[in-house]
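Me: I would like a close look at a single part of this structure, with its surroundings described carefully enough that I can follow each step on the model.

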Amino acid sequence: MGAGALMVPSYLMGSNISAEALLHPGMDILTKRKLADVALNTAKSLGSTYADARIGRYLNQYVFTREDKVQNVVNTESFGIGIRVIANGTWGFASTNSVTEDGIKKATQQAVAIAKANSKIQREPVKLAPVQSHGEVSWKTPIEKDFKEVPVSEKVDLLLSANAAAMDNGANFVNSALFMVNEQKYFASTEGSYIDQDVHRIWPTFGVTAIDREAGKFKSRDAMSAPMGMGYEYMDGLESEKLEGPSGLRLYRNSYDIVEDATLAAKQAKEMLSAKSVEPGKYDLVLEPNHLGLTIHESVGHPLELDRVLGYEANYAGTSFATLDKWKSGDFQYGSDIVNLVADKTQVGSLGAVGYDDEGVKTKKWDLVRNGILTNYQAIRDQVHMIDQNESHGCCYAESWNDVQFQRMPNVSLEPGKDKYSINDMIKDVEKGIYIAGRGSYSIDQQRYNFQFGGTVFYEIKNGEIVGMLDDVAYQSNTQEFWNSCTKICDKSDYRMFGSFFDGKGQPSQVSAVSHGSSTSRFDGVNVINTGRSV
Amino acid sequence: MAIYTKEEARQIMEKALSFSTADACVINMGGSESGNIRYARNTVSTSGHRSNQTLAVEASFGKKSGTATVDEFDDESLESVVKRAEELAKLAPENPEFMAPLGPQTYDESISFVDATANIKPEYRAEVAAKSINPASEKDVTAAGFLNDSSGFSAMLNSSGLFAYNKSTDVDFTVTMRTNDGTGSGWVTRDYNDVTKFDPAEAAKVAIDKAVMSREARAIEPGKYTVILEPAASVDLLRNMSGAFNARTADEGRSFMSKDDGTKMGEKIVDERVNIWSDPLHPDVPTSTWNGEGMPLKKMKWIENGVVKNLAYSRYWAEQQGVDPVPFPSNFIMEGGDASREELIKNTKRGILVTRLWYIRSVDPQTLLYTGLTRDGTFYIENGEIRYPVKNFRFNESPIIMLNNLETLGEQVRINGNLIPYMKVRDFTFTSLSDAV
């Protein structure tokens, strides 16, 4: 229900196909262009002043296992076209999986009919920022190994090895999964662009559970992986991409060792069963990037979406505390002066990286918060005129061909600190604190003021040293207070990306995938509550 | 044509089945038409139409299964999709939890399809939006809303002789009204199978009134309060609780329903006035009368007088445990009382009226502890009257604790396909304040 939620996307429900069929090249580009032109020409002939067509082929492979069993191997293909028009100054959209001249004409007529029906209640005619006509261009995620070419048996074996490692190290249960996505997107618009893109994403994950039946307790430890905009090479587990965390924790940058992580997860899940329950109060928090990424997502990414600020999301995800007057003042202190937050749709390896967005705008990188001051939002073609800008930021996206595209969060990341500073340096400086790694429970209000976050693992810091594991930890804060309490950020050697594979927004709800990079960071005097209850 | 009749669907599926050479074959077919309108800033924003139809064949050889899907239903396509499914099955790993298809079943005739809903046109959706936008403008309020209507069918046929068919329609509406000074917000939700029961002007008025009433909210200390939860406030906590009725996770020891020597089946877990059941033929919240495994759905008690009466067993887990399968519920009906919302308020000395809870997330699955926030209309009650709006709270609470602290049950209301009563509950735990409006 909630925005920012982990949602199961509708494209999970695509048609099932064989693994071999994933390798089929699909419709050729000349046919796509011809069919897209049918939509554009039909729209124009019916009086539309603008139209775009997206022919999408969405290929997914998901592998699910538990303990020593393969639960499911799912290969899906979803193919169709979505047509968006402006008629009488009003948007209309329709989609069909009948990608024929006749099917496309009918869908286009439907889109125009919707636009015209709605124009009767239109009070703010659509105004599009100019966009460059790109002609025929293409873009691909730079991958080394295409998941479609890796045998399913190799993926199954890897997950079962991770499961076995967890069970051998004391887990009672383990579920693991591999999500692999390939979006083959063709975009054409009446602005003269024909854009062909091939986008890849991957997410390996697991949950390990340890049970103390006598005490009536169970604890779970999830994977420390991040979903990435990479190929299957992410599963190589390269030593060069591993980092040593505190208390024996292993952390991963651009390559993931799932067997090693599952081994440690089982040991940690067991350790959690007897971990000390936290004493509530104020603590200095040392937040690891795979944890901090979700806090960035919820407390920076979402509130700086211009559609939220303007009220377009008021009925679902909500609005934003970061109102236009705060931005216009030029001195709104979003965070402390070491806080620099950037939006970037071009970051290599990130989930949000594409060459062009879903309305044909070339992607870029821009500042959201510089030296702690709010400087900009995330906006698309029909919004930027409302903040007196004339160039879209290139962050328009639709979950699939049968969803209308709208403003979605680009990768939003915290820049690393400029001075050399490691995790160990940071922990040494903390007298009373908690080190938190990995994502956990998360909740934030509809204007993004008040939030509460948990985590995957928690370690107590006393007088500069980790003294043991904690349980029942959640921190509550206010976005502006929290970011202004940021006192230290590790350098770029610690920089890693967190990702959200299924981020929900909009009505009907759609998911998108987005990354958030950061280095381990310290936040002083944050309120920690104890979440233990007895029922 | 995305909506096929029972006979049309049966003929297509029988044709597909005739091509099968597998040990077992299950065919599922479905189609839907849906339309929506979205508006904000007192004007229309995006809207659209979707049409989809699909037929899925699951072929099995021994415990190896493969599934293939097609969206065209001519003979050649049907033969080809069956062949693809069989090829996939031969290459698949064995599924140790494979269950042979069910034989013929008897299903009740469902009542979930209404022609009026299936016939909604774009002009109707625009009219609904106008019935929010126009009164909002008159009251210095801004409307943002969403209407989605859908009609669809689903059917199942298998090689053991089972055939099932269902048609359904739904209309879902929500609107948020925000005062133009930014200090007040109200919200309403309505959902029906039958659109003729929907009164968009009445719904809009509820949200506008709440928005106006909630302006200039005061901050009061977080803590434990008696609350009157409108059905939209409790529905998600209750639905999250229903997830714990999975017998398998309970048996495995990793659920609220687990205990050291088994499960909490037969134990009293909440106040004895709590009665919860599901019923696909309830006239206010009808659903399909069969589930994805082809199991008939019947009226089923989950909590009776506070005691756990049933846990849900998939066919596989039921076989493992030597019990009959119990399908998961398709709706959620909680017994209410006679008290209206106004009477609940009148009989409250000091408390908080909550319109809805938002961004609810699990904090601890062991205790079913959840966190989230109040939203779109939170009011302080004193001596039987709403005194003033209060700032939103963050809560950390378990529905189990909530239902143990039950004071009064009020009237039932349909909410997201379920029937939930107004509830007065003592000692609901608010842990911090939010500035959000």
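Reply: A caution comes first: this is a predicted model, and residues 1-13 of chain A have pLDDT under 50 throughout, although the model has 30 contacts beyond four places in sequence for them. Chain A as a whole has a mean pLDDT of 94, with 96% of its residues at 70 or more.

The part I will look at closely is helix α4 of chain A, and within this helix A:Q268. Helix α4 of chain A runs over residues 258-272, and because 15 residues at 1.5 Å a residue should span 21 Å, the 20 Å between its end C-alpha atoms agrees with that expectation. Its buried residues include A:I258, A:D261, A:A262, A:T263 and A:L264, and further along A:A265, A:A266, A:Q268, A:A269 and A:M272. A:Q268 counts as buried because it has 25 C-beta neighbours inside 10 Å, where 20 or more are needed. Once neighbours within four places in sequence are left aside, A:Q268 is in contact with A:R221 and A:V457. By contrast, A:G330, which is 62 residues from A:Q268 along the chain, has its C-alpha atom 46 Å from that of A:Q268.

Another buried residue of α4(A), A:A262, leads from the helix to the nonpolar interior. The largest nonpolar core has 248 residues, and A:A262 is among those that touch the most other members, together with A:A39, A:I83, A:V85 and A:I434. This core also draws at least three residues from each of domain 1 (6-211) and domain 2 (217-437) of chain B. Apart from it lies another core, of 31 residues, among them B:A9, B:V57, B:F153 and B:L157. As background, nonpolar side chains tend to be buried together in soluble globular proteins.

A:A39 gives a second view of the largest core: leaving aside neighbours within four places in sequence, A:A39 is in contact with A:A51, A:A53, A:I81, A:I83, A:I104 and A:T108. Two of these contacts, A:I104 and A:T108, are buried residues of helix α2 of chain A. Helix α2 of chain A (residues 101-118) has 18 residues and reaches 26 Å from its first C-alpha to its last, close to the 26 Å expected at 1.5 Å a residue. The buried residues of α2(A) pack against α1 (29-45), β3 (69-87) and β4 (90-96) of chain A, and also against β1 (24-40), β2 (43-61) and α4 (122-138) of chain B.

That packing brings chain B into the picture. Its domain assignment gives domain 1 (6-211) and domain 2 (217-437), with 26 Å between their centres, taken over C-alpha atoms. Between them, 26 residues of domain 1 of chain B are in contact with 23 residues of domain 2 of chain B. On the domain 1 side, the elements that give two or more residues are β5 (163-179) and β6 (185-192) of chain B, and β6(B) gives the most, with five residues.

Two record entries also fall on chain B. An unreviewed UniProt entry places "domain: Metalloprotease TldD/E N-terminal" at residues 32-89 of chain B, a span that is 26% helix and 60% strand, with end C-alpha atoms 28 Å apart. The UniProt annotation "domain: Metalloprotease TldD/E central", likewise from an unreviewed entry, covers residues 130-214 of chain B; over these residues the chain is 27% helix and 51% strand, and the end C-alpha atoms are 23 Å apart.

Conventions
Residues numbered from 1 in each chain as written. Chains lettered and ligands numbered in written order. Predicted model: local features only at pLDDT ≥ 70, side-chain atom pairs only at ≥ 80, totals over all residues. pLDDT = per-residue confidence, 0-100. Contact = placed C-beta atoms within 7 Å. Helix = DSSP H or I, 4+ residues; strand = E, 2+ residues; numbered from the N terminus. Expected span 1.5 Å × (residues − 1). Buried ≥ 20, exposed ≤ 12 C-beta atoms within 10 Å, placed from the backbone. Core = buried A, V, L, I, M, F, W, Y, C linked by C-beta atoms within 7 Å. Domains from an automatic or database assignment. UniProt positions renumbered as here; feature names shortened; annotations may be inferred.
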